[in-house]
Amino acid sequence: MAAMAAASATERTVIENCAIATVDAGGTEYASGHIVLAGNRIESVGAGGAPGDLANVVRRIDATGHLATPGLVNTHHHFYQWLTRGLATDHNLFDWLVALYPTWARIDEPMAHAAAQGSLAMMARGGVTTAADHHYIHPRGAGDLSGAIVRAARDLGVRFTLARGSMDRGESDGGLPPDFAVESLDDALAATEATVREHHDPSFDAMTRVAVAPCSPFSVSTELMRQGAELARRLGVRLHTHGSETVEEEKFCHELFGMGPTDYFESTGWLGEDVWMAHCVHMNDSDIAAFARTGTGVAHCPSSNARLAAGIARVPDLLAAGVPVGLGVDGTASNESGELHTELRNALLINRLGAHREAALNARGALRLGTYGGAQVLGRAAETGSLEPGKLADLVLWRMDTLAHSSIADPVAALVLGAPAPVTASFVNGRQIVEDGRLLTVDEDAVARSTRDEARRLARTAARG
Ligand SMILES: [Zn+2]
């Protein structure tokens with residue numbers, strides 16, 4: 001009886017009269033349907049109006065003219081880079097990193113907090129409901145950067161995975177970052193474990209998860225890769241890093257380790273269904289087979305790969321092999337827009353420039369990458385990433401009846417191929433965080449001011465050296 005009383009007391013929100021792309025396994029869509037949210041879960045999704053006998057309906061939304069989709073999932077980002085956008089704009093990855101490391105090494109806690117707010121606000125406004133941040137810069141004495149980032153996500157109301165990054169291979173060890181920007185092996189491992197213990201929530205509806213995330217082969221020692229993987233498995237959390245991003249990285253791996261990046265990852269324990277890797281641009285057939293065999297996931301970042309002239313990831317081949325693939329903004333120092341909904345379009349366009357041409361990816365495939373694929377890559381596909389009863393109430397209502405989209409009959413084609421669609425409402429965990437394109441949880445103008453001020457402070461601090 002107590003359980004029934006609790007269930008009947010659950011507050012319901014009813015959304016009706018919208019097109020719905022559920023992105024479930026069968027790709028079910030409704031031209032006009034309903035979604036019922038009960039507490040932080042999706043209770044029902046279907047054609048036509050909602051059942052008439054629902055108790056405790058606290059809100060009814062007439063979503064005529066809208067498309068409902070699962071919330072977008074961002075699988076790779078570096079929030080701190082919000083303060084260093086628009087710099088080194090004509091560089092490839094390695095030159096760009098070398099140009100920016102000295103500035104990044106000056107960040108402190110207020111800067112990290114403001115940058116996280118800016119990055120999250122920009123994504124959330126554009127329909128992101130789950131985000132991941134790969135944060136690997138931890139200057140000595142900078143304060144509690146992980147805590148500041150987690151706080152920003154919690155205050156904004158976005159579901160979040162903090163990939164606690166690290167670097168311990170400075171220039172004097174043959175790495176790319178300057179020595180003063182790296183941690184020691186022991187410090188990196190201890191701080192990562194402490195971050196998992198403080199912030200990781202394994203529960204179904206967790207708002208915060210933590211992953212172990214050494215930065216990349218060219219900034220991390222083999223020992224940190226190996227022990228990082230062991231730490232993650234001991235603590236039962238996921239593993240994240242960058243891999244196979246550029247031809248220069250491939251050359252670096254061959255020179256230093258005598259093998260390509262994928263073989264190096266395999267040799268250090270970094271392939272597995274608990275691993276997701278950003279980029280994966282330069283992969284041969286046997287690399288792709290190794291990812292498929294082990295269930296290793298990929299965060300595809302098309303705009304960043306284009307901005308840094310890294311190349312075109314073989315997304316159609318990865319998908320055909322059964323590799324889980326999600327989308328990533330990547331850091332906003334290499335993708336100044338900072339939006340994920342535009343990556344749906346860019347993923348489709350860029351992949352069609354590759355070997356598979358027009359068969360590379362279609363609009364529904366792009367939407368799947370940005371939703372269910374992302375949830376898979378973050379290990380949360382049972383909980384979010386599609387609109388199905390029992391899953392978490394993470395969804396977006398995209399407005400499709402304005403000048404930008406009203407003459408396109410297929411709403412999914414309109415969303416992916418058209419201009420960025422306005423977000424009328426975005427729900428995370430059953431809580432609305434966006435209304436008519438404005439964030440409900442933070443003052444956007446205040447965030448714009450604080451990020452500008454912190455970006456200027458960082459530039460001044462870095463100039464002093
Ligand atoms: Zn990255």
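Domain bounds, as used here, come from an automatic or database domain assignment, and on that basis the protein is divided into domain 1 (2-70 + 386-439) and domain 2 (72-377). The model is a predicted one, in which local features need pLDDT of at least 70 and side-chain atom pairs count only at pLDDT 80 or more, while totals for chains, interfaces and linings use all residues. Residues are numbered from 1 along each chain as its sequence is written.

The C-alpha centres of domain 1 and domain 2 lie 30 Å apart. Their contact, which counts residues whose C-beta atoms, placed from the backbone, lie within 7 Å, takes 26 residues from domain 1 and 26 residues from domain 2.

Within domain 2 one can follow helix H4 (residues 145-156), helices (H or I, at least four residues) and strands (E, at least two) being DSSP runs numbered from the N terminus. Its 12 residues should span 16 Å, because the expected span is 1.5 Å times one less than the number of residues, and the end C-alpha atoms, 17 Å apart, agree with this. Among the buried residues of H4 are Leu 145, Ile 149 and Ala 153, where buried means that 20 or more other C-beta atoms, placed from the backbone, lie within 10 Å of the residue's own. What covers the buried residues of H4 includes helix H3 (109-125) and strand E16 (431-435). Leaving aside neighbours within four places in sequence, Ile 149 is in contact with residues including Phe 79, Ala 112 and Leu 162. After H4 comes Gly 157, whose phi is positive, near 90°.

Definitions and conventions. Buried ≥ 20, exposed ≤ 12 C-beta atoms within 10 Å, placed from the backbone. Contact = placed C-beta atoms within 7 Å.
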